[in-house]
Amino acid sequence: MAPSPQTVAVDFITPRHLAGGGDPAWITAPLHQACGWTYDDDPLMPRVVLTSPDKSAVLRLEPNTDGQWWVLHHHGGTGLPDWYASFGARTPVELIAGFVDALTDLAPPAAASDPFEPLRQHSWESAQGSPGLASSDGTAFVQRLGDERSPGPWFITATLGYDRPVWQARFGENTPPHLVTAFTTALSDPQPVWRTNSPLGLPTLDPKVISRHTVTAPKALVPAALADRVTTLADRPHAPKVVPNPPEPPAPGASRRR
């Protein structure tokens with residue numbers, strides 16, 4: 001059925017890392033509406049700047065033809081290292097969402113987290129000639145520089161060949177492992193992601209590389225999906241309030257004048 005004024009064509013695409021960037025509101029709206037991040041309002045600038053409630057993290061979305069479009073800087077605080085994460089323009093928002101949802105989750109992370117483990121569970125294998133893991137179709141690659149004694153930054157790259165990079169995600173060496181794991185979990189998820197601007201936003205239409213399944217859906221379902229996401233994140237449990245200890249009673253005679 002062809003789309004009508006009340007419907008829209010929705011493409012479900014696999015592998016998800018080649019689905020194009022998607023709608024940035026999938027990230028920005030929940031951060032502001034569900035997680036309390038504030039934004040800088042400058043309508044004359046083509047960028048979005050969001051700051052976490054505790055001012056420890058700043059996320060910038062800014063068109064940059066020579067670099068990463070999404071850049072997050074996190075200030076570790078007293079005694080803790082700073083770290084960063086960045087994502088190219090065509091990084092699917094569903095993958096970035098895995099990262100920022102874990103970042104804003106107030107529940108304590110697992111004690112141990114290996115970002116490579118979700119990839120191994122979905123049959124990613126060692127890449128030839130360099131350390132890291134590659135997807136079975138060879139279009140995505142995850143590596144970490146350095147070694148066990150001196151670990152370096154993470155690089156995740158989607159590519160259509162050595163001379164056709166699609167996007168890259170980068171995580172500083174001090175990025176908490178559970179956040180990188182959240183990204184690789186979303187990356188290796190075999191479930192398709194949906195797009196309504198396909199094929200304009202796809203890096204390739206080659207049926208040998210991607211799979212597209214098109215359905216016609218009511219237009220109202222598109223904004224409803226974002227609203228559901230915001231509601232789900234807003235309903236997550238919040239951190240327990242810290243109840244201060246009651247003041248100790250004064251020692252006998254402490255208030256007497258001498």
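## A tour that starts at Pro15

Select Pro15, which sits in the loop between strand 1 (7-14) and helix 1 (25-33). Helices here are DSSP runs of H or I with at least four residues, strands are runs of E with at least two, and both are numbered from the N terminus. The bond that joins Thr14 to Pro15 is a cis peptide, with omega about -5°.

Before you move on, a word on what is loaded: this is a predicted model, in which local features need pLDDT of at least 70 and side-chain atom pairs count only at pLDDT 80 or more, while totals for chains, interfaces and linings use all residues. Residues are numbered from 1 along each chain as its sequence is written, and side-chain values use heavy atoms, with hydrogens and water left out.

**Zoom out**

Show the whole protein chain, with its five helices and 13 strands. Along the principal axes, its C-alpha atoms fill a box of roughly 90 × 50 × 35 Å. Of the 258 residues, 40% are buried; buried means under 20% relative accessible area, exposed means over 50%, and partly exposed is in between (1.4 Å probe, protein chains only). The chain exposes about 15600 Å², and carbon and sulfur atoms supply 56% of that; the areas come from the Shrake-Rupley method with a 1.4 Å probe, and for residues only the protein chains shown count as cover.

Colour by charge next, and you have 20 positive and 25 negative side chains, the centres of the two sets lying 7 Å apart. Lys and Arg count as positive and Asp and Glu as negative, with His and the chain ends not counted; each charge is placed at NZ of Lys, CZ of Arg, CG of Asp or CD of Glu.

Among contacts with a separation of 6 or more, 58% are between residues 24 or more positions apart. A contact means heavy atoms within 4.5 Å.

**Helix 1 and Thr28**

Now select helix 1, whose buried residues are Trp26, Ile27, Thr28, Ala29, Pro30 and Leu31. They pack against strand 3, strand 4, strand 5 (70-74), helix 2 and helix 5 (221-234). Pick out Thr28 in this helix: its relative accessibility is 18%, so Thr28 counts as buried. Beyond its neighbours within four places in sequence, Thr28 is in contact with Val48, Leu50 and Trp70. For a distance to try in the viewer, take Thr28 and Ala57: they are 29 residues apart in sequence and 14 Å apart in space, C-alpha to C-alpha.

**Across the sheet**

Which strands make up the open sheet, and in what order? Follow 2-3-4-5-6-11-10-9-8-7, a run of 10 strands with antiparallel pairing. Strand 2 (38-39) and strand 7 stand at the edges with a single partner strand each, so one side of each has no neighbour in the sheet. Two strands pair if DSSP finds at least two bridges between them.

Trp70, which you met as a contact of Thr28, stands opposite Phe87 in strand 6. Strand 5 and strand 6 pair in the antiparallel sense over five bridges. Strand 6 itself has four of its five residues buried, so the rest of the structure largely encloses it. Next, step from strand 6 to strand 11, joined by three bridges and running antiparallel; here Ala85 has Phe171 of strand 11 as its bridge partner. Further along, strand 9 and strand 10 run antiparallel and are joined by six bridges, with Gly146 opposite Pro151 in strand 10.

**Helix 4**

Select residues 177-188. At 1.5 Å a residue, the 12 residues of helix 4 should span 16 Å, and the end C-alpha atoms are indeed 16 Å apart; the expected span is 1.5 Å times one less than the number of residues. Is helix 4 largely enclosed or largely open? Nine of its 12 residues are buried, so helix 4 is largely enclosed by the rest of the structure. Among these buried residues are Leu179, Val180, Phe183 and Leu187. Their cover includes strand 6 (83-87), helix 2 (93-104), helix 3 (117-121), strand 9 (140-146), strand 10 (151-159) and strand 11 (165-171).

**Last stops: three loops**

- Lys55, in the loop between strand 3 (48-51) and strand 4 (57-61), has a positive phi of about 65° although it is not a glycine. Lys55 is exposed, at 55% relative accessible area.
- Ser123, in the loop between helix 3 and strand 7 (125-126), is a non-glycine residue with a positive phi, near 70°.
- Pro199 is in the loop between strand 12 (193-195) and strand 13 (211-218); the peptide bond from Ser198 to Pro199 is cis, with omega near 10°.
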